[in-house]
Amino acid sequence: MITKFLSFLILLSTTLAFSQTVNVKGTVKDLESGQPLIGVNVIVKNTSKGASTDFDGNFNIDAVGINSILVFSYVGYQNQEVMVLNDQPITVMLREDAEALDEIVVIGYGTQKVTDVSGAISTVKSETIENLKPLRVEEALQGTASGVAVIQGGSPGSKPTVLVRGIPSFTGTDPVVIIDGVPQTLYDLNSINSADIQSINILKDAASTAIYGVKGGNGVIVVTTKGGRNNEKTEFSFNAYTGFQSVDRKVGLLNASEYATIINEGSVVSGGNLIFPDISTLGMGTDWQDEIFKDAQISSYTLSARGGSERVGYFLSTGYLRQGGIVGGIDKSNFNRLNFTANVDVQLSSKLKFIINTSYANIKNQSVAENSFNSILGNAINFDPTVSPYNTDPNDFASYGYSNLLLSEIFNPVQRLEDTYNENNGDKLYGKLELQYDILDRLKITSRFGYTKWDQASKSFSPLAYYGPNNVSSDYNPDGTVKTQEVDNGDGTTTIIPSFHNSVTERKNSNFNYTFETFASYGFTLKDNHNFDLVLGVSTSKSTGNEMGTTRQDVRDNSWAWADISAATGVNTKLNTNAYTGYSFQYLERRNLSYFSRVNYDYENKYLASFSARRDGSIAFGKDNKFANFYAGSLGWVITNEDFFNYDAINFLKLRGSYGTVGNENVDPQYVSITIGGPSYNSTANSNGYTFGTEFVSGATVNSFNNPFLRWEEQTQYNIGFDATLFNNLSLSVDYFNKSVDGLLFTEAPPLYAGTSEPVKSNIGSTESKGIDATIGYRNSSVNELKFNTSFNFTTSKNLVTATNKDGTAFIAGGSYFNGQSQLATRFEKGYTPGYFYGYKTNGLFQNQSEVDAHATQPGAQPGDIRFVDINNDGIINDDDKTKIGDPFPKFNIGWNLGFDYKNFDLNMFTYASVGNDIYRAYERNAQFTNKDRSILNRWTGEGTTNDAKNPRYTFADTNSNIRPSDRYVEDGSFIKIKSLILGYTIPESLNAGFSQVRIYAQAKNLLTLTKYTGYDPEIAGGILDTGIDRGAYPQARTFLIGLDLKF
Amino acid sequence: MKSIKNSIGLIIILSIFLGCSDVVDFDPHDEYQVTERDYLQSEADYQAMAVSCYTPTQWLNQVIVLGDIASDNAVAGGENASDVVALQQIDDYAILTNNSTLQDLWLSAYEGVNRTNYLIAYKDVNLLGNTVNFEGKEALYGEVHFLRAFYYFNLVKMFGDVVLFTDHKLGLSDFGTLQRSPKAEVYAQMEKDLIHAISVLPTSQSQQGRITKYAAQALLGKVYLYQEKFDEAVPVLQSVVDGPFSLVPNFDDIFLLSGENGPESVYEVQYSNGQPYYNWGGQTRGQGNYAVQQCGVRGFNGTAEMPYNSGWSTNLPTQDLAAAYEDGDQRKDATTFDVEAYATNNPSLNVTYQVAPYKNTGLYNKKYLPRKGQTSGQVELNYENNQRTIRYSEVLLMAAEANLRASSPNQALAQTYLDRVRDRAFGDENHRVTATVQAIWSERRLELGMEGDRFFDLVRTGQAADVLGSRGYNPATLGLFPIPQREIDISGLTQNAGY
């Protein structure tokens, strides 16, 4: 009421002063950078009089009445109004409007105002990306985008697990990635510099994803990179940071004296001798974790330029990132990326626009063996702590310390680390060529060719090694000569040849894929208020690739320096056919053809609707099933735009609902293939060929079954939700979703009598996922010097496999690990969550023989052993008693962002919590002489000492098989991590020496982790059947950085 | 200008719609993939496929191991009670229906059946309806028929009634449609296959390890013996006895590398380390003999001259077996290896070893003890030791048994054959015993100890309950192993009694 009155007064005063006019001049600048803004609209309020700013940001309007009001408006900036008081030049500083930018979301084949969206879409803003400085883009999605669950890995550059709204499919759970309209994969996100990203939108419900059809069921991540800005002076920006990473925490293992004591006890209890007769000299021994964890540097530099003329806009960027790994240090484990990006748009004529986005990335990395008991970390956990890293006895050929107890499988981790030699060098070129043609005012045709070219060359070297005289894997005799063997020449004579050779392997792979699509978009309005937006198009895509590799033996000096195929000297002979070998193969050529259409509708921004239809064709399916149609629609109602709605507390309220289907084609075409030659490493070890006498003869066999009826997997999803803004500052968005999959592509369970041909995929299962995504945000809008914003994200999903095949016998077991036996700890099976932990439930320890006798028959059980639960009550403990013992996926995730601005300081903290995710601890090799977890010190030593099933008696003769997969190894992996804490200071303009902006900051990543998990890191990424299985996974580093952001 | 631009746009759109109908057609040849329609077009294709019909014979090495472990000959050792659980169950007669070793053997034998069926189905015409003729095709098919019989024989002796199919390799539409057939029918099929094989196979092959007429006759003889068809067994075994075979004077030499495919060898499953591929996801499926590593002494070390490698101590001969040998029988030391005595008797070799941690007997299987220089690559999985599947001495003992138990027994012939086996064992003629049925059965244990026949012999001769009763053997099982639970779940087969 008051504002209306004021404007009335102003209007009155302008009218009164109408007779007085002046010529107004002035300059418009960006508030933050101080750069002049080109093309800003300046209009005299309530008139048609106006101008726009020139290349220097200047404007000039003649004959403007004193006291009239100038309105300055510019895309992406907040409007500003200035009253004309006299003819003095005025300077106007426009403030960039983050909210305004976010009002546009990128949807399939177009954009939409966020208030008009009736589907479910999450958005990650560029400021979030700038704050988090993610190494991979997915890091910025963790906890910031509701409905997205991200489980990160620790190895530099490694791909995380990303789940958008649960686990609907078996054949693959990666969401589709669209970069500037071009379909890519999650793997491609390792090559993009996060500083180049403008925004990320995650399309979640069927209505939003259906237009992407193929694989859209796993969600779509739409990445938009920065583009040019027309009519703007070049803005340069330079960002750099550097810091170091270190391991957050170690695992509690036995020291040398404790180890010897336990080994002695285990031996004596099972009737053996003392292994270490004198423990007193052993002391602490070697903590192998200290030997292999190394602080590693990380540095990043980005330089970019952005601007444009009237017809050409450009964004140019180059960046370099070098990240070391904490397992082994930067010399053995690292990720290096060099980026160049040029995004250029040219207005060729008034109707024709050409866009070329080109990015090149060079990725070099070195890696160490990880996530298994015999990886570097696995060796460090399990190796004998009484051994020294290096051998100092000059009479002993060994250069490294070795164990006389551990004689196979587990080795000195320092030696294994130093003997790790590999490098990968990849070049990726990706981008798009796009023509936009405006046929009519709002009718546009877009034709776009998007492509990715990825070539990688890799090299690795396996040197000959000596692990001591008694180790089966020693390639040398104790005198330093290479071990030899006698071979039969086939004519009654024999020859002595070396048994082992070092070798170098080189691999090259080359991949190319493209998507070519053309679509028309047409917007029109009927009867003033009925707004339509149509899209109609066609898309074809293709991906191809091939790989070649060569291995050659006998590298000079047994040294990496000479490790190259050209310098190795191995030559094949009759007695050694492996001296010089090679292979090559073609990747499947995958092709798709799709037609798509969509209509968006709104009435007075009040009633919203969207409908899309898509016809998809895939190479993967049989002749009759290649094509399938998918439809989706959504409705929205903006209640606050209704006349009857007048609650001041609620500024905005929209109800949304959607329903639709999408398809999944993530299988290979099926046909009966013949394998010819040597072994086939298919999933069933269906080997081939035979030896006649001493001669190996190649064979041929049928490798696979065939399913001619294979068809599209169909996912149906419905979604209901609302978006609201309350009290001007509080925003709230909540969605409930339900996905169900029919015709789930799943691996058949062939009868065993059908043999070992590769099982087929069939449409035999179904799954169901449901959950809630929610975001709540608060931003204070006061003009105080202290600004404050905070937001919460909440993501939950419940997943259930509702069928696999008709009798449920088709299941897939995974999560394999080795603790003396090969164990499988996870399953994808009817009636359970995908990837659940499968094993025995425990019920304490047998305290005495009468407890053993009273329990169901459990062969080999003695007092002190674990009492397993007789789940089926049949009086005997056997495999039928295995059941669900854990779930690797969290019940819910929460991301919490907190930001303060005070004067020139800014502070931002991002916290992420995962609740209810279990971890299966699988890194203990559990051999007699491997090192043990410290928890063994609490073991059962007699009746009443402990009843904790995690601490059974210790003996070499584990007659009860206490090591079988059971909840003994399942731990609660819930955690809260302070993922990022950043404190920045922007140097006042008066001191910044010609730069438009200078900001320095310090950042800590993974600063603090609160968890009950006893391993390194409760985030264990992997496929659905490997998530949460900790075989000694590479932990994420704690990182401290200092950085500098410059704009000029 | 305007019309040009308009037409550019139109051309772009049209160009996409044109010629797109076949975009999503798939041709495996684009990936250079050979499909079954491309194959069996030449002699070479038939020959290569026949080679891979042999491959699953290598995967059956655990039949040998459990043939002794399930009997009084051996125990399943390993690192502890929870090591090699599948073999422990068999050793303890507490076999669960999901026993992984039995499941793998069932699967492997059926892969052999499917491979041989496939090749036999396309003998006359291939998938395209063409006939490929070449010299030696009939004889080649003789090998294939032998192999099918060999796979079924292994199935029947372990599981009794099994699923029988002979006309094709199973495909999707067959899944779940088949049930078990009475073992008599399966035996009849084996006889048919072997008789056909005998009619076309040559008596010798240029490549070692190829099936000969003698191998087929010896297997047929064994198949008859298992059915107690002694009258039929006598002539077929007689032709092998009269074949070009002889007993190796020094028993131990049979099992050396130099003894492979020797004068006593009737049929050997061939292994090598020449193509040392391996796959921990299928330990038994490489070109090497997995069972050898199982026999080794743990931590076995010594000087360079000490000839043995270490192993896993998972298949340990019993003292009971060692005690069964008389003094002077060279087969005792060649079958049961006393590691402590070896260390004591060879001080110059500086022998060290780890006492078998579980079920230690002090003895190891000398016949297949892992030897230095006979493996490469992944050393555990690549021992090149051939499995001596049918030796001439076994043919003599089978012939002796058949002659004794035939409707018109020939005691003299039986005595001659038994004498030949015992004379070689003792290196003299002073240890002959009267050829009774029991004597021949006992001799089989001594001659073939740790070669995987003992348990099946005890079952077929009806001695299992008597001999193994004290060890926990359950007579209700009739000496059969359980049908794999997974197969029962998927295919709805019936389970054997006692499980």
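Which residue does R460(B) meet in a salt bridge? I looked at the side chains and found D457(B), with N and O 3.0 Å apart. One thing to keep in mind for all my entries: this is a predicted model.

**Entry 1, helix α17 of chain B.** I checked where the R460(B) and D457(B) pair sits. Both residues are in helix α17, residues 454–460 of chain B, and they are 3 residues apart, so about one helical turn separates them. I also looked up their exposure, and both R460(B) and D457(B) come out buried.

**Entry 2, a pair across two helices.** Next I went to E447(B), still in chain B. E447(B) makes a salt bridge with R331(B), and the closest N and O atoms are 2.8 Å apart. E447(B) belongs to helix α16 (residues 437–448) and R331(B) to helix α12 (residues 330–335), so this pair ties together parts of chain B that are 116 residues apart in sequence. Are these two buried or exposed? E447(B) has a relative accessible area of 0%, so I put it down as buried. R331(B) is buried too, at 0% relative accessibility.

**Entry 3, the wider network.** I then followed the salt bridges outward from that pair. E447(B) and R331(B) belong to a network of salt bridges whose members also include E264(B), E326(B), D329(B), K367(B) and R391(B). R422(B), R424(B), E443(B) and E451(B) are linked into that network as well. For the whole structure, my search over all chains gave 82 salt bridges.

**Entry 4, over to chain A.** I picked out a salt bridge here too: R1031(A) with D1026(A), 2.8 Å from N to O. How exposed is each partner? R1031(A) has 10% relative accessibility, so it counts as buried. D1026(A) has 29%, so it counts as partly exposed.

**Entry 5, a contact between chains A and B.** I found the side chain of Q821(A) joined to that of D83(B) by a polar contact of 2.7 Å. Q821(A) sits in the loop between β41 (812–818) and β42 (822–828) of chain A. Its relative accessibility is 17%; under 20% means buried, so Q821(A) goes down as buried.

**Entry 6, negative charge on the surface.** Which residues make up the patch of negative charge I looked up on the surface? I noted D807(A), D874(A) and D880(A) from chain A, together with D489(B) from chain B. I took a second look at D874(A), which is in the loop between β45 (866–868) and β46 (883–886) of chain A. At 38% relative accessibility, D874(A) counts as partly exposed.

Methods:
Residues numbered from 1 in each chain as written. Chains lettered and ligands numbered in written order. Predicted model: local features only at pLDDT ≥ 70, side-chain atom pairs only at ≥ 80, totals over all residues. Heavy atoms only, no water. Patch = residues over 30% accessible without salt bridge, like charges linked within 9 Å, V, L, I, M, F, W, Y side chains within 5 Å. Areas by Shrake-Rupley, 256 points an atom, 1.4 Å probe, with all protein chains shown as cover. Lys, Arg positive; Asp, Glu negative; His and termini not counted. Charge placed at Lys NZ, Arg CZ, Asp CG, Glu CD. Helix = DSSP H or I, 4+ residues; strand = E, 2+ residues; numbered from the N terminus. Buried < 20%, exposed > 50% of the residue type's maximum accessible area, 1.4 Å probe, protein only. Polar contact = N/O pair within 3.5 Å; in protein donor to acceptor, adjacent residues only side chain to side chain.
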